[in-house]
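This report covers helix packing, nonpolar cores and a few loop residues of one chain. The sequence and model come first.

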Amino acid sequence: MILCIAQIIPEELLQRIQSTLADTPFQDGRETAGWHARTVKHNRQAEGSHPAVSALREEVAGHLQRHALFQMAVRPRRMKPLMFSRYEPGMSYGNHVDDAIMGSPSGAMRTDISFTLFLGDPDDYDGGELLIETTGGEQTFKLPAGSLVLYPSSTLHRVEPVTRGERLAAVGWAQSLVRDPQQRELLFDLDSTRRRLFEESGKTPTFDTLSKSLANLLRMWADT
């Protein structure tokens, strides 16, 4: 499942991120890439050890974890710290698949879901689209600042070359409580349906039955 979520962080936080990153040191993005992805990765990343970057990572992650739609789609068990990336003219990130396991052996995490949070106005740069390969063909994303797209970590994807301006984004990964993407999508559909039903009719017997089915499927499929 690929899902776009509009305005997932507040405008005030978005402006603070943009202002902070303008004065933050960036390093070669290849330093955090796997050995094969390193050959096609050409961007810059904010230094994660910088106190301001660390604080922003935690604040953004907190907003994501409190967002109902993100929770429904991802059902996160663990999340990797976000990385803030910058693409200047001529920079890109060629076709790659994200590492299946991230982190040190003692803190290793399986990646089920990847996401990109766009931090710059799409009119301020040319190129820089995120392309995700699916069985139905390539899908292209270039979202407004503050909006996010999430997608299975198992997909091949790339960032097209930037030809004008600057592309600023945050990327992250989550290990889900539900490993199987088809099961996650079924749970998402059920949860979305029961919430719409509640908004329309309140707590009815039908809502209760859907809630029971959702809870029991989660018990069956959750990887805790």
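Helix 1 (11-22) and helix 2 (51-66) pack with their axes 11 Å apart, at an angle of about 160°. Axes here are lines fitted to C-alpha atoms, for helices over the stretch in contact, and angles run from 0 to 180 degrees between N-to-C directions. Helices (H or I, at least four residues) and strands (E, at least two) are DSSP runs, numbered from the N terminus. The two are therefore roughly antiparallel to each other, the class for angles over 145 degrees. Helix 1 passes helix 2 in a left-handed crossing, that is, the near helix is turned anticlockwise from the far one by less than a right angle.

This is a predicted model, in which local features need pLDDT of at least 70 and side-chain atom pairs count only at pLDDT 80 or more, while totals for chains, interfaces and linings use all residues. Residues are numbered from 1 along each chain as its sequence is written, and side-chain values use heavy atoms, with hydrogens and water left out.

On the helix 1 side, the contact (heavy atoms within 4.5 Å) involves L13, R16, I17 and T20, which meet A52, L56, E59, V60 and H63 of helix 2. By class, this contact has five nonpolar, two polar and two charged residues. Ala, Val, Leu, Ile, Met, Phe, Trp, Tyr, Cys and Pro count as nonpolar, Asp, Glu, Lys and Arg as charged, and the others, Gly among them, as polar.

A second helix pair is formed by helix 4 (residues 181-201) and helix 5 (residues 205-221), with axes 10 Å apart and an angle of about 160°. Helix 4 and helix 5 are therefore roughly antiparallel, and their crossing is left-handed. Helix 4 contributes Q183, L186, L187, L190, D191, T193, R194, L197 and F198 to the contact, and helix 5 contributes T206, F207, L210, S211, L214, L217, L218 and W221. These residues divide into eleven nonpolar, four polar and two charged.

The largest nonpolar core has 33 residues. Such a core is a set of buried Ala, Val, Leu, Ile, Met, Phe, Trp, Tyr and Cys residues joined through side-chain atoms within 4.5 Å; buried means under 20% relative accessible area, exposed over 50%, and partly exposed in between (1.4 Å probe, protein chains only). The residues with the most contacts inside this core are I9, I17, F70, F84, L119, L148 and L150. Among the elements that give two or more residues to this core are helix 1, helix 2, helix 3 (68-74) and strand 14 (148-152). Helix 2 gives the most, with five residues. Apart from this core lies another, of 15 residues, among them A33, Y93, F118 and L130.

Leaving aside neighbours within four places in sequence, I9 is in contact with L14, I17, V60, H63, L117, L119 and G146. V60 is also 9.7 Å from P81 in space, C-alpha to C-alpha, and 21 residues from P81 in sequence.

Three loop residues are listed below.

| Residue | Loop | Relative accessible area |
|---|---|---|
| P81 | between strand 5 (76-79) and strand 6 (83-87) | 44%, partly exposed |
| Q7 | between strand 1 and helix 1 | 43%, partly exposed |
| R75 | between helix 3 and strand 5 | 13%, buried |

Most residues other than glycine have a negative phi. Phi of Q7, however, is positive, near 45°, and R75 has a positive phi of about 50° although R75 is not a glycine.

Conventions:
Parallel < 35°, antiparallel > 145°, perpendicular 65-115°, else oblique.
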